[in-house]
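Please open the model in your viewer and keep the sequence panel beside it. The stops below say what to select next and what can be found there.

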Amino acid sequence: MLNSKTLVVASPADLIKVRMQADSRMASQGLQPQYCGPFDAFSKIIRTEGFGGLWKGVLPNVQTAFLVNMGELACYDHAKRFVINNNIANDNIYAHTLSSIMSGLSATTLSCPADVIKIRMMNQAVDNQENCNYRNSYDCLVKTVRVEGLKALWKGFFPTWARLGPWQFVFWVSYEKFRQIAGLSSF
């Protein structure tokens, strides 16, 4: 689980990753990419946007992490309790698997809109404030919904779930196994 302090420190690395991923689209279209590697991206971002440019999109990045954590933590316990109380499975790997799937689905559903906003804010490389598409996260949210509709906030839902789902499974099943080994009760 990520906390906001860790995320603030790691946000520049996420920004560089997002920019380089967007940059690969230029290469696939036969255009010259902006960056030739992470260190080049790091130096070019500082040179063109200033040191603070490395933290572009940090607020939606923190929001995304918060929503992922909220979705996975709250949903896992409720899903597990539902599965056990309705005799779908005992407190075993089947219950943990079903609960982790629901946890990943919940985390993805909650975090996807913030992730879309985060990526749009991070990809917005500008020289000055007048040339930017979005003034802030809220402006980005409103413009995205107004231009593309509400469904645009869940673009990339299935790839995100494909990334979060296996993580949820590994995390929660491991957690439950360690809990059982330690002799700790379930609820």
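Begin by selecting proline 38, which, when residues up to four places away in sequence are not counted, touches Ile16 and Met20. Proline 38 has its place in helix α2, and in this predicted model its relative accessible area of 44% makes it partly exposed. If you now add tyrosine 134 to the selection and draw a distance from C-alpha to C-alpha, the two residues turn out to be 25 Å apart in space, with their positions 96 residues apart in sequence.

**The whole protein**

Zoom out and colour by secondary structure. The protein has 6 helices and 0 strands, and read from the N terminus on, its elements run α-α-α-α-α-α. Taken along the principal axes, the C-alpha atoms fill a box of roughly 60 × 35 × 30 Å. Of the 187 residues in the protein, 39% are buried. Among the contacts with a separation of 6 or more, 70% are accounted for by residues that lie 24 or more positions apart.

If you switch to a surface view, the area that the protein exposes is about 11100 Å², and carbon and sulfur atoms supply 64% of that area. Colouring by charge brings up 19 positive and 13 negative charges, whose mean positions are 2 Å apart.

**Salt bridges**

Return to a view that shows side chains, since the next stops concern charged pairs. How many salt bridges does a search of the whole structure find? The search finds 14 of them, and the ones that follow are worth selecting in turn.

Select glutamate 49 together with arginine 19, which form a salt bridge whose closest N and O atoms are 2.9 Å apart. This pair links distant parts of the chain, for glutamate 49 is in helix α2 (residues 38-49) and arginine 19 is in helix α1 (residues 4-28), 30 residues apart. Both glutamate 49 and arginine 19 are buried, and it may help to hide the surface while looking at them.

Stay with helix α2 and select lysine 44 and aspartate 40, a salt bridge in which the closest N and O atoms are 3.2 Å apart. Because lysine 44 and aspartate 40 are 4 residues apart in helix α2, about one helical turn separates them. Is each partner buried or partly exposed? Lysine 44, with a relative accessible area of 27%, is partly exposed, whereas aspartate 40, at 18%, is buried.

Next select aspartate 91 and lysine 80, which form a salt bridge with their closest N and O atoms 3.6 Å apart. Aspartate 91 lies in the loop between α3 (58-85) and α4, while lysine 80 lies in helix α3, so the pair ties together parts that are 11 residues apart in sequence. Aspartate 91 is partly exposed, with a relative accessible area of 28%, but lysine 80 is buried, with a relative accessible area of 1%.

To close this part of the tour, select Asp14, Lys17, Asp115 and Lys118 together, and you will have a network of residues linked by salt bridges.

**A nonpolar patch on the surface**

Bring the surface back and select Ile93, Tyr94, Phe169 and Val170, which form a nonpolar patch with about 410 Å² of accessible area together. The elements that give two or more residues to this patch are α4 (93-122) and α6 (157-182).

From the patch, pick out phenylalanine 169, which lies in helix α6 and is partly exposed, with a relative accessible area of 34%. Leaving aside its neighbours within four places in sequence, phenylalanine 169 is in contact with Thr97, Ser100 and Ser174. Select serine 99 as well, and a line from its C-alpha atom to that of phenylalanine 169 will span 8.5 Å, although the two residues are 70 residues apart along the chain.

**A last stop in helix α1**

Finally, go to serine 24, which lies in helix α1 and, at 43% relative accessibility, counts as partly exposed. Add glutamine 34 to the selection: from C-alpha to C-alpha, serine 24 and glutamine 34 are 9.1 Å apart in space, and they are 10 residues apart in sequence.

Technical notes
Residues numbered from 1 in each chain as written. Predicted model: local features only at pLDDT ≥ 70, side-chain atom pairs only at ≥ 80, totals over all residues. Heavy atoms only, no water. Buried < 20%, exposed > 50% of the residue type's maximum accessible area, 1.4 Å probe, protein only. Contact = heavy atoms within 4.5 Å. Areas by Shrake-Rupley, 256 points an atom, 1.4 Å probe, with all protein chains shown as cover. Lys, Arg positive; Asp, Glu negative; His and termini not counted. Charge placed at Lys NZ, Arg CZ, Asp CG, Glu CD. Patch = residues over 30% accessible without salt bridge, like charges linked within 9 Å, V, L, I, M, F, W, Y side chains within 5 Å. Salt bridge = Lys/Arg side-chain N within 4 Å of Asp/Glu carboxyl O.
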